[in-house]
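Dear colleague,

I am handing over the structure below, and after it I set out what was found. Please read the notes alongside the coordinates.

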Amino acid sequence: MSGYNLRAEDYTKQNFSKILKKIIFYTVAILVIFLSVYFIIILDTDWHRIGSGEGILKQLSYFVGLDFKIMPYLIKPAFETFLMACLGTMLGLIMSLPVAWLGAKNVTPLGLASFSFARMLMTISRSVHEIIWALIFVGAVGLGALPGILALAFRSVGFISKIISESIEGADKKPIEAIRAAGGSGFDVMYYGIIPQILPTVIGTIIFEWDINIRRSAVMGLVGAGGLGLAFFRQMHMSNYPGVTTVIMFIVGLILIGEVLSHYLRKRII
Amino acid sequence: MEQIYKRNNAKNFILLSLFFFIIYLCFLYLGIDFQRFFSALGNFGKLIANRYYPVDIPYALEPGYLSSILDSIQMGYLGLIIGVIIASILAYLAAANLTPSKRIGYPVGKFLIIFARSIHETIWTILFVTIVGFGMLAGTMALTMYCIGFFGKLFSEELENVDMKLVDTIRSNGANEFQVFAYGVWPQVKTAFTGILIYTWDVCFRASTIIGFFGAGGMGWYLKRNVLQLEYARTSAIILSIIVLVIFSEALSAYMRDKIYKETQ
């Protein structure tokens with residue numbers, strides 16, 4: 001009951017120190033922000049190059065308009081980007097199944113060793129950016145769509161396997177025990193006991209990841225894998241700014257299609 | 001029973017072979033050599049072992065590189081702050097139940113969020129670098145756009161889930177638009193806002209490590225330089241440092257989210 005017996009002055013004192021703490025925290029935060037604004041934005045920027053607002057407007061006006069001539073040449077890269085995302089997600093799913101199996105606490109075969117190994121793989125996969133994966137794979141397998149697919153797959157493994165292993169951990173134990181009691185092997189437990197339970201979550205996750213992968217595959221071309229990113233890179237280097245706008249419109253269109261499709265698919269499944 | 005089983009088996013077999021045939025067609029269309037595909041993993045291992053392996057860790061501890069890490073972090077939270085301020089307004093416009101004007105505000109807010117979201121952060125960086133030049137201003141602007149897309153989507157979904165009874169009560173008592181937000185909506189979404197904010201910071205920091213590759217400052221610029229100079233040992237050191245930082249930021253954001261969750265319970 002001592003909490004309710006606070007005297008009024010205690011209460012105000014407590015309140016005062018709380019407020020003081022808050023004030024100090026906010027002052028420091030604002031100071032830090034202003035310092036970074038000063039160092040990052042004011043000191044680091046070449047204000048002379050930007051010139052006046054007019055200069056920026058002029059620069060922006062280059063981007064206005066569409067280049068209709070390059071449109072026929074963008075259909076194949078757009079399709080390539082789309083396929084890259086699909087294949088990358090599929091390969092990512094295939095690779096993430098064993099990782100998820102190792103990374104689920106209740107089914108991992110070697111206890112803590114395999115569990116922490118799988119968790120490490122997941123973390124590495126998620127924390128390396130897709131551009132870096134693409135760079136590594138362009139070095140490993142050469143230019144083209146293949147490094148893009150591999151990069152997307154490696155990037156997706158972390159997320160997909162994390163969700164799958166979490167849903168394996170959260171699966172209902174009763175059917176698993178029933179299968180085990182009836183003499184089912186480890187494979188039987190996995191196939192008849194766990195997979196039917198986690199299937200909806202897994203499919204939802206894959207659709208979500210596929211949606212993100214379309215976005216990612218559109219930039220794979222910037223570092224040498226194919227697709228719309230390569231077209232963007234070319235237009236940018238030719239300083240054909242209306243062409244750049246056209247490529248961006250294609251990317252936005254592709255992503256909108258992906259979003260609508262994934263929305264529709266998710267609604268149908270769930 | 002057995003017949004059904006057999007028929008299902010045949011159906012599955014046909015579907016499976018169709019599936020593999022489609023994948024084969026995709027590979028043909030993309031011009032991928034099967035031999036190259038199956039040797040990819042081996043090549044990847046070889047590349048890591050031969051080129052990237054002796055990691056040049058002292059390079060990642062040089063003061064120049066360390067200060068670039070600081071630059072990246074600063075770029076991350078500046079982009080986050082500006083982005084979240086803009087995104088909150090846009091999310092309010094784009095929430096179907098709260099938007100002040102359904103005819104203009106809703107589609108504009110929704111469109112801007114989707115537009116900011118559908119363009120990858122690296123493409124935003126390239127665009128802003130062409131407009132304002134190399135440097136961290138371009139990076140901050142790119143991260144701002146990224147945060148608008150990311151935060152705006154999550155927050156507008158959160159706003160659409162608020163309990164409208166409370167909001168309507170306050171509105172029917174004659175509150176203006178600001179009062180409705182401050183007393184009806186904000187207390188309901190406060191926790192979610194903080195959670196999404198921390199999550200966005202995490203993602204934004206992850207993006208800020210890489211955007212330097214396309215001309216914004218920070219760690220990415222070091223990465224670009226070493227990739228172009230084929231300094232594999234240094235590149236792997238940088239990638240390793242990015243992994244360490246990202247793990248650290250993930251742990252921090254998980255800790256903070258946990259703390260906030262506990263405080264509200």
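A residue is called buried if 20 or more other C-beta atoms lie within 10 Å of its own, exposed if 12 or fewer do, and partly exposed in between, with the C-beta atoms placed from the backbone. By that criterion, 39% of the 265 residues of chain B count as buried.

This is a predicted model, in which local features need pLDDT of at least 70 and side-chain atom pairs count only at pLDDT 80 or more, while totals for chains, interfaces and linings use all residues. Residues are numbered from 1 along each chain as its sequence is written, and chains are lettered from A and ligands numbered from 1 in the order in which they are written.

Chain B has twelve helices and zero strands (DSSP runs numbered from the N terminus, H or I of at least four residues for helices, E of at least two for strands). The radius of gyration of chain B, taken over C-alpha atoms, is 25 Å, well over the 18 Å that the globule rule (2.2 Å times the number of residues to the power 0.38) gives for 265 residues, so chain B is more spread out than a compact globule.

The contact between the chains (C-beta atoms, placed from the backbone, within 7 Å) takes 44 residues from chain A and 40 residues from chain B. On the side of chain A that touches chain B, helix α6 (residues 130-141) of chain A gives the most, with seven residues.

Kind regards

Note on methods
Contact = placed C-beta atoms within 7 Å.
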